[in-house]
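This report asks the reader to examine a protein chain alongside its sequence. Please keep both in view while reading.

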Amino acid sequence: MTITDTDTTTWTSQRLKETDKEYVIHSWSVQGKLDPIPVAGGSGSWFWDYDGRRYLDFQSQLVNLNLGHQHPRLVEAIRAQAEQLCYIGPGFAERSRAELAEMMAGITPGDLKMTFFTTGGAAANENAVRLARHVTGRQKVIARYRSYHGATAGAMSLTGDPRRWAAEPGMSGVVRMLDPYTYRCPAGHPDPCPVCSGGPHLEEILRYENPETVAAVIVEPVTGTNGLLYPPDGYLRSLREVCDKYGILLIFDEVMAGFGRTGEWFACDHWDVVPDILTTAKGLNSGYVPLGAMTVSTRISEWLRDNMFWGGLTYAGHPLACASGVASLRIMQDEGVVENARTMGERLGAGLATLAQRHPSIGEIRGRGLFYGVELVRDRDTREPLVPFNAKGPAAAPVGRLLKAAMQRGVYLTANFNVLRLTPPLVITADEIDLALGVLDEVLDLADEHY
Ligand code: PLP
């Protein structure tokens, strides 16, 4: 066995790049095509590379760093927990775990009560689906096409986006429904559309699937990864009503949209609709330590008192993760983080509306809080997308160029095909929002060239 030199002073930018290229497998990538920026540190809404070049993180990394980089209170909470107890198995009662579970019952909507802590979003969804199957005694799960629920086997089967293809055939019993994508109604309907209004589409599917075989419907109340889609008012409620009618459990995946991202604690709070199971991760502790959660209704909590929970992870309820969760929720409350997301979101929304007057390539702006999508088109009348769905290589280049130009100007952005994702940390300031809007104004010229 060879252990290489661990003297950190020799880790130059060049050495880091070479070692990374040789040994690290990065997610969702052809490894040989990668050239990742060697990151040296971060603070608040910013991170910087080894050469001191600073980037405004207008993504919150994977939309998880809601409290920004290196929040001092969060770092301190992890340090304090590490000094007290780094690890104890999930079978023991541990303070940060119990405290966080109690806090979750306090902030989650309706009668959601008990929580199972996982290592991330995918594991929360895996457990939610398995539990729904056990509680109902049914097998099928209805999920949507424009969804991302995680990259483990079951969660990837629930996921609708093309990354699922590489994992097929996957978990059995998943039935798909269409999304309320009102800008491009997948059924081509004008308003009012049975797909975009939710319940009628679900009921039509159930007619052919046999509702008595369906355990759960799982949706992201606001679709994150796959295009920032906000459902029309009434959509989630109509899903709720159909689920209740047939004894089907409703699972809301708020891994991305939860914890203030949309300007409310949870996205479903905008419409006052309560799921039977809520899955979360990311903003729960800003991802400083891997953490996810599955929180279940009082009825399911009661069911669990007398029935086996067939789930477990070595790191379920990891003390370092839970301690960071407790600190994170306190910080959010003390620092008015949800309110800041709302106010800064209004500023961002107003700025984007002004940009739309100057840039014809902006087809639609969707957002609340700091969860914005900007859909880019070649023509506002036909709504032809700037790059088509699932575009790769040269077909995806117009958006790729725009993202690169933003990065060169010090603003980190990403996109889902033709939809720019604007999801900065919830602690962002007005000046930082304005800076990003200024850069967007410049780089959108590149999109306008295709108009
Ligand atoms: N669900 C949603 C809505 C997500 O956005 C993600 C990740 O982006 C996941 C689940 C998977 O979470 P994780 O990567 O922590 O497993």
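The paragraphs below treat the domains, the core, a sheet, the ligand shell and some individual residues. The model is a predicted one.

**Domains and their contact**

The domain assignment of the protein gives domain 1 (13-70 + 337-449) and domain 2 (72-335). Their C-alpha centres are 25 Å apart. To the contact between them, domain 1 contributes 28 residues and domain 2 contributes 32 residues. On the side of domain 1 that touches domain 2, two or more residues come from each of helix H11 (337-358), strand S11 (362-368), strand S12 (371-376) and strand S15 (419-422). H11 gives the most to this side, with 5 residues. By class, this side of domain 1 has 12 nonpolar, 9 polar and 7 charged residues.

**The largest nonpolar core**

In soluble globular proteins, nonpolar side chains tend to be buried together. In this model, the largest nonpolar core comprises 116 residues, and those with the most contacts inside it are Ala132, Ala216, Val217, Leu249, Ile251 and Ile277. Both domain 1 (13-70 + 337-449) and domain 2 (72-335) supply at least three residues to this core. Isoleucine 251 may serve as an example: leaving aside neighbours within four places in sequence, its contacts include Ala132, Ala216, Val217 and Ile277. Among its other contacts are Ala128, Ile218 and Pro275.

**An open sheet**

An open sheet is formed by 4 strands in the order S1-S2-S3-S13, with mixed pairing. S1 and strand S13 (411-412) stand at the edges; each has a single partner strand, so one side of each is left without a neighbour in the sheet. Strand S1 (residues 39-43) and strand S2 (residues 46-49) run antiparallel and are joined by 4 bridges. Here valine 39 is opposite aspartate 49 in S2. These two strands form a hairpin with 2 residues between them, and glycine 44 in the turn has a positive phi of about 60 degrees. S2 also pairs with strand S3 (residues 54-57), in the antiparallel sense and over 3 bridges. Phenylalanine 47 has tyrosine 55 in S3 as its bridge partner.

**The shell around the ligand**

Which residues are the closest to the ligand? They are Gly120, Gly121, Ala122, Gly150 and Val255, within a shell of 16 residues. Helix H5 (residues 121-136) provides the largest share of this shell, 3 residues. The shell divides into 6 nonpolar, 8 polar and 2 charged residues.

**Individual residues**

Tyrosine 235 belongs to helix H8 (residues 235-246). This tyrosine is buried because 22 other C-beta atoms lie within 10 Å. Beyond its neighbours within four places in sequence, tyrosine 235 is in contact with Pro180, Ser197 and Gly198. Proline 180 is 55 residues away from tyrosine 235 along the chain, and their C-alpha atoms are separated by 8.1 Å.

A cis peptide bond, with omega of about 10 degrees, joins glutamate 168 and proline 169. Proline 169 is in the loop between helix H6 (153-158) and strand S6 (174-177).

The table presents two residues other than glycine that have a positive phi.

| Residue | Phi | Loop | C-beta neighbours inside 10 Å |
|---|---|---|---|
| Aspartate 272 | about 55 degrees | between strand S8 (249-253) and strand S9 (277-280) | 11, exposed |
| Serine 286 | near 60 degrees | between S9 and strand S10 (292-297) | 28, buried |

Aspartate 272 counts as exposed because it has 11 C-beta neighbours inside 10 Å, whereas serine 286 counts as buried with 28.

Note on methods. Residues numbered from 1 in each chain as written. Predicted model: local features only at pLDDT ≥ 70, side-chain atom pairs only at ≥ 80, totals over all residues. Buried ≥ 20, exposed ≤ 12 C-beta atoms within 10 Å, placed from the backbone. Contact = placed C-beta atoms within 7 Å. Core = buried A, V, L, I, M, F, W, Y, C linked by C-beta atoms within 7 Å. Domains from an automatic or database assignment. Pairing = 2+ DSSP bridges. Near = placed C-beta within 6 Å. Nonpolar A, V, L, I, M, F, W, Y, C, P; charged D, E, K, R; others polar.
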